[in-house]
Amino acid sequence: MRRSVMLSCGSYLPEKFLTNNDLAKIVDTTDEWITQRTGIRKRHVAGEGEKTSDMATRAAEKALKAAGLTGADIDAIFLATTTPDQTFPATAVTVQDNIGMGDRGFAFDIQAVCSGFIYALSTADNFIKSGQINRALVIGAEHFTRLLDWDDRTTCVLFGDGAGAVILEAAEGKGDKTDRGILTTHLHSEGAKRDLLYVDGGPSSTRTVGHVRMNGKEVFRNAVTRMSEAIVEAMQASGVTPEEVDWLVPHQANRRIIDATAEKLNLPANKVVVTVEEHGNTSAASIPLALSVAVEDGRIRRGDLILMEAMGGGLTWGAALARW
Ligand code: ACO
């Protein structure tokens, strides 16, 4: 069976960061409130003139280097972002140019907000499995702080900027759960709940970019339920038990959401990769950023079974199970 093996990953975080105490100087909040409710202690913020494509390119270059490849080896780029450089063209084509792909293959953006990386991974996996491409660059990159209303303390303390990338390559597997690569992906959405988390602007409505608006309590409730459902679905589809999972690499929205999801599935805390303290919620970038941290520090090793899950605006949610 044709599989999409994960060859390498890479990440990028802007140099500048804001601590909770820095935010307390801008809005009516405290380090204690943010830490207790979210687990977040700091978040990185892209510099003036630093675009989503710049961060995506840096992450992609690191992933290419780690795999010993160049842009000329890549057939397609799937870039998940909610914060494109421009309304069009897709940010992915700028990355295609930046990494020297020339006119090779194709590149496009995927918009599923915080679930974007799972959507992009699933799309790339299906292109590989169908035989249409052999190697894919899957990127999650966000300049999310550009969407924040810095007067709204209920949202501006939660998010940060960054990028992460993974390279997938076609390989033959046996077709069971011992295979390396993506074992299964599951995507969902429920448009009726789009008003729980959205941006109050856009080209066809206000002709502006807009700011993030959120019903935090409802988003929290849906996040735990939906992500747990998607995880169970992924495990059942591949015949994997919770004990066989080596690492949960969840979307990093909130420490309490991560803990509640892991608890619901009986996954011990030492199997969960958590970066939300240091990164905040970087939307589509959060899973590949967390993956890169755990691969680089040696926690995730070749052959480990990784469970990834996310939920975001839309509502969108999904899960992916992969053997590194
Ligand atoms: N600092 C201090 N006080 C604050 C802040 C802040 N930054 N934000 C809100 N408050 C106040 C509120 O005004 C409210 O005050 P009041 O009681 O006087 O009215 C009080 O704190 C409690 O507010 P709640 O909204 O009830 O707080 P809650 O416990 O629900 O926590 C939070 C809010 C952290 C946003 C939580 O609902 C949450 O994590 N939701 C999930 C949202 C999320 O992660 N979204 C990311 C995108 S979706 C995703 O990635 C999964």
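At 5% relative accessibility, C114 is classed as buried in this predicted model. C114 takes part in no disulfide; the nearest cysteine sulfur belongs to C156 and lies 16 Å away. With disulfides defined as pairs of cysteine sulfur atoms within 2.5 Å, a search of the whole structure returned 0 of them. C9 is likewise in no disulfide, the nearest cysteine sulfur being that of C114, at 20 Å. C9 has a relative accessible area of 8% and is therefore buried, the limit for this class being under 20%.

Q111 is located in the loop that runs between β5 (106–110) and α5 (116–129). Its relative accessibility is 51%, so Q111 counts as exposed, a class that begins over 50%. When residues up to four places away in sequence are not counted, Q111 touches T81 and T82. The C-alpha atom of Q111 is separated by 30 Å from that of R301, a residue 190 positions away along the chain.

Two helix pairs were examined for packing geometry. In the pair formed by α3 (residues 52–67) and α4 (residues 91–98), the axes are 9 Å apart and the packing angle is about 50 degrees. An angle of this value falls outside the parallel, antiparallel and perpendicular ranges, and α3 and α4 are therefore oblique to each other. The crossing of these two helices, α3 and α4, is right-handed. On the α3 side the contact is made by T52, S53, A56, T57 and E61, and on the α4 side by T91, T94, V95 and N98. Sorted by class, the contact between α3 and α4 has 6 polar, 2 nonpolar and 1 charged residues.

The second pair consists of α7 (residues 216–238) and α8 (residues 255–264), which pack at an angle of about 40 degrees with their axes 9 Å apart. This arrangement is also classed as oblique, because angles count as roughly parallel only under 35 degrees. α7 passes α8 in a right-handed crossing. From α7, the contact is made by F220, A223, V224, T225, M227, S228 and I231; from α8, the contributing residues are R256, I257, A260, T261 and K264. The contact of α7 with α8 has 7 nonpolar, 3 polar and 2 charged residues.

How values were computed. Residues numbered from 1 in each chain as written. Predicted model: local features only at pLDDT ≥ 70, side-chain atom pairs only at ≥ 80, totals over all residues. Heavy atoms only, no water. Axes fitted to C-alpha atoms, helices over the stretch in contact; angles between N-to-C directions. Helix = DSSP H or I, 4+ residues; strand = E, 2+ residues; numbered from the N terminus. Parallel < 35°, antiparallel > 145°, perpendicular 65-115°, else oblique. Left-handed = near helix turned anticlockwise from the far one by under 90°. Contact = heavy atoms within 4.5 Å. Nonpolar A, V, L, I, M, F, W, Y, C, P; charged D, E, K, R; others polar. Buried < 20%, exposed > 50% of the residue type's maximum accessible area, 1.4 Å probe, protein only.
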